[in-house]
Structures are given as structure tokens and as C-alpha cells.
Amino acid sequence: MFGKSISKMSLNDIMKATNDFSKENIIGSGRTGTVYKALLEDGTSLMVKRLQDTQHSEKEFMSEMATLGNVSHRNLVPLLGYCMTKKERFLIYKFMANGTLHDKLHNAKDGAEAMDWPLRLKIGIRAAKGFAWLHHSCNPRIIHRNISSNCILLDEDYEPKISDFGLARLMNPVDTHLSTFVNGEFGDLGYVAPEYARTLLATPKGDVYSFGVVLLELATGEKPTFVAKAPESFKGNLVEWITQLSSESKLHDAIDETLGGKGYDSEVFQFLKVACSCVLPGHKERPTMFEVYQLLRAIGQRYAFTTEDDVMVLSEESGNAGPLVELIVARDV
């Protein structure tokens, strides 16, 4: 199971490890399925994703498992195994001790300290590196299609790990390039790029928009669909609030108050501007995911969150986008 090739698990093993899919073991739920914590007899903790309706044949599903099992990157949640029954499909992942980024930002327990800026910046940079790898280094490229702060998990060292990559192919067997946006299967509220409603076409720039919303969450501490510190009269979402503040030259007001006055103000503002570029209404105006990674990396240079080797590998796979990114850094940041 923990070898290089992806492995099958039995349904009995999974049911025993999750206590028959007990509600107490649910650690996440989304449009693609429900995630349970699973505890093996040897004390190993895993995560089991019970997929929503997937109409693939066994042969198609196993082929997809073989592909996903070979997709490996430091910032992706490792897929360790799978299980098939006549009616259901299960994916087995490595357990992530610190849960989702969404919960750490928005559902912290009473008395828990807010995440500090260096940690938020590290998560933003390294998550961007993972998404850039999916877009620019995988062949064929993987468009995530369901990016949110719920799909970014944190391990014991708060290293961000992207989950649910590649699941769009499993959830929509008819045409992997079309979203099921109309049926509500494609993207969480507050994260869906505006062009999706019109075109129903999944694109890398749609992923960039969704990731931009995650970056806004990191900088503002606000949820994507409800802005706590906006006036009561404001009924829009996080992107609409940011857009309004930007038009009024009040973008600084959006920054999470817990981050202010600690020597990071300039970095947070630059980070916020990168996030704003990701959520521009016109998809052609948004940067690529590789450019987002480079922009964020430039902001975090003093922390050594990345190495030159990271960038060189991505740059080679991305058509040598480096010079273009340098221009964006000079212009926008």
C-alpha cells in the first residue's frame, strides 16, 4: 500500500478503520464526496474519501487511479490506495494532521492564536507551487476545477498539500473539459470564476481565479461568501468587497487586523495586490499560475521558502516564463 504503485484496499478494511463510516470520523465534506479519518490496526492514520456519484466503469476508474497514483509532488496530498464496489468508489490518502486551511483560518477554536503572517505567506507560496506544477509540469496538464481553502490541507509542519486534484475527470465522464457548473458540482460558492456561468468551460485561468480567492482569505481573514467587517448594508462576497475597496483606494482596510503593525505591512499589501490580479473579471488579464508562484515567491524572498531549483524546474516546463514574470513584479508589486 505504501509502495510506489497505487494499491487496492478492501471495503472491510476501510469500514473497520472508519468505524463503519461513523459521523464522528468525518473530517471534511464537499461536492466530490465526504472525507473520513481512518485508523488502521497498527496505529497508522489515513484519510478515506467516499466519492459522490461516479459513473465510470471499473476499467476506466482503475486507469484513472494508475494515473493519479503517479502524480507526485511535495505540495500534493499523496494518494495511497483505492477501493471499488459495484456502486461506490473510495480513495485513500495520507492523513494531514492540521486539517484544512479553511478551518485554520475561519473555524479556529476559542483561545487559539490567529495564524501569523510568515506562516500564511509560506502556505500561499507553496500551494501556488503545487498548482503551478499541475498546470505547467504535468502532461497532460491537470486543471483542478475545485480550488478552495477546503482543498488545501496542512500536515504536521503546516506544509500545504493540495487535495482533490484530478477528481474532475472522475466526476464528469462525458467530457472532461466541460464543467458541471449548472448542476452545482463545479466549484464552491465564492470561488467560481465569473466566466464559468457563461462558457461552462474549465480553464487554467479559472483555477487562477479560485486560488486568488484563497489568497484573499489568507490576507484578509474573511470568508469567501461573507465579509464580517463589511458594513451591514453590504451584501456581496469577498471578491466584490475587495473590488469596491480597491476602486475607492482603500485596499489597506481589507488586511486582517491581526497582521497589522508587526513589520509585515508591505508584504501583506503586495500579497493582496497579487490576489487582486488573480480575481480580475477578464480571464485574459489574470496571470498564469506559474506567474502567481513567481510573484508570491518574490514577496517571500527573505524567508527562503523556495529554492532556485524549484523555479528552474517550473520555468523549463512553463516555456521559460521567467522574464515575463519579472516585468509583472516590477509593474504590479
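In this predicted model, Thr258 lies in the loop that runs between α8 and α9. With a relative accessibility of 36%, Thr258 falls between the buried limit of 20% and the exposed limit of 50%, and so it counts as partly exposed. Its contacts, leaving aside residues up to four places away in sequence, are with Ala114 and Arg120. The C-alpha atoms of Thr258 and Trp117 are 9.0 Å apart, although 141 residues separate the two in sequence. The loop between α8 and α9 also holds Ser249, a residue other than glycine whose phi is positive, near 55 degrees. Ser249 has a relative accessible area of 69%, which is over 50%, and is therefore exposed.

A wider view of the chain helps to place these details. The protein chain contains twelve helices and eight strands. Of its 333 residues, 53% are buried. Among contacts with a separation of 6 or more, 63% join residues that are 24 or more positions apart.

The nonpolar interior comes next. In soluble globular proteins, nonpolar side chains tend to be buried together. Here the largest nonpolar core has 79 residues, and the members that touch the most others are Phe131, Phe211 and Leu296. Helix α4, residues 117-136, supplies the largest share of this core, with eleven residues. Phe131 reaches partners that include His144, Ile147, Cys151 and Ile152, and Phe131 also touches Ile162, Phe211 and Met289. Apart from the largest core lies another, made up of twelve residues, with Tyr36, Val48, Leu80 and Ile92 among them.

Helix α9, residues 265-278, offers a simple check on geometry. Its 14 residues, at 1.5 Å a residue, should span 20 Å, and the C-alpha atoms at its ends are indeed 20 Å apart, so the two values agree. The buried residues of α9 include Glu267, Val268, Phe271 and Leu272, and the run Val274, Ala275, Cys276, Ser277 and Cys278 is buried too. The cover over these buried residues includes α4, α7 (204-220), α8 (238-247) and α10 (289-299).

The loop between α4 and β7 holds two residues worth a look. Ser148 has its place in this loop, with β7 at 152-154. Its relative accessible area is 2%, under 20%, and Ser148 is therefore buried. Beyond residues up to four places away in sequence, Ser148 touches Asp188, Tyr191 and Val214. Arg145 lies in the loop between α4 and β7 as well, and Arg145 counts as buried because its relative accessibility is 9%, under 20%. Arg145 has a positive phi, about 75 degrees, although it is not a glycine.

Finally, the surface of the model was searched for pockets. The largest pocket has a volume of about 750 Å³, and 35 residues line it. Nearest its centre lie Ile27, Gly99, Thr100, Asp103 and Leu153. Two or more lining residues come from each of β2 (26-30), β3 (33-39), β4 (45-51) and α3 (101-106), and β2 gives the most, with four residues. By residue class, the lining of the largest pocket consists of 15 nonpolar, twelve polar and eight charged residues.

Key:
Residues numbered from 1 in each chain as written. Predicted model: local features only at pLDDT ≥ 70, side-chain atom pairs only at ≥ 80, totals over all residues. Heavy atoms only, no water. Core = buried A, V, L, I, M, F, W, Y, C linked by side-chain atoms within 4.5 Å. Buried < 20%, exposed > 50% of the residue type's maximum accessible area, 1.4 Å probe, protein only. Contact = heavy atoms within 4.5 Å. 1 Å grid on protein atoms, 1.4 Å probe; cavity = no way out; pocket = protein on both sides within 12 Å on 5 of 7 lines; lining within 4 Å. Points joined across faces, edges and corners; volume = space filled by probe spheres on them. Nonpolar A, V, L, I, M, F, W, Y, C, P; charged D, E, K, R; others polar. Expected span 1.5 Å × (residues − 1).
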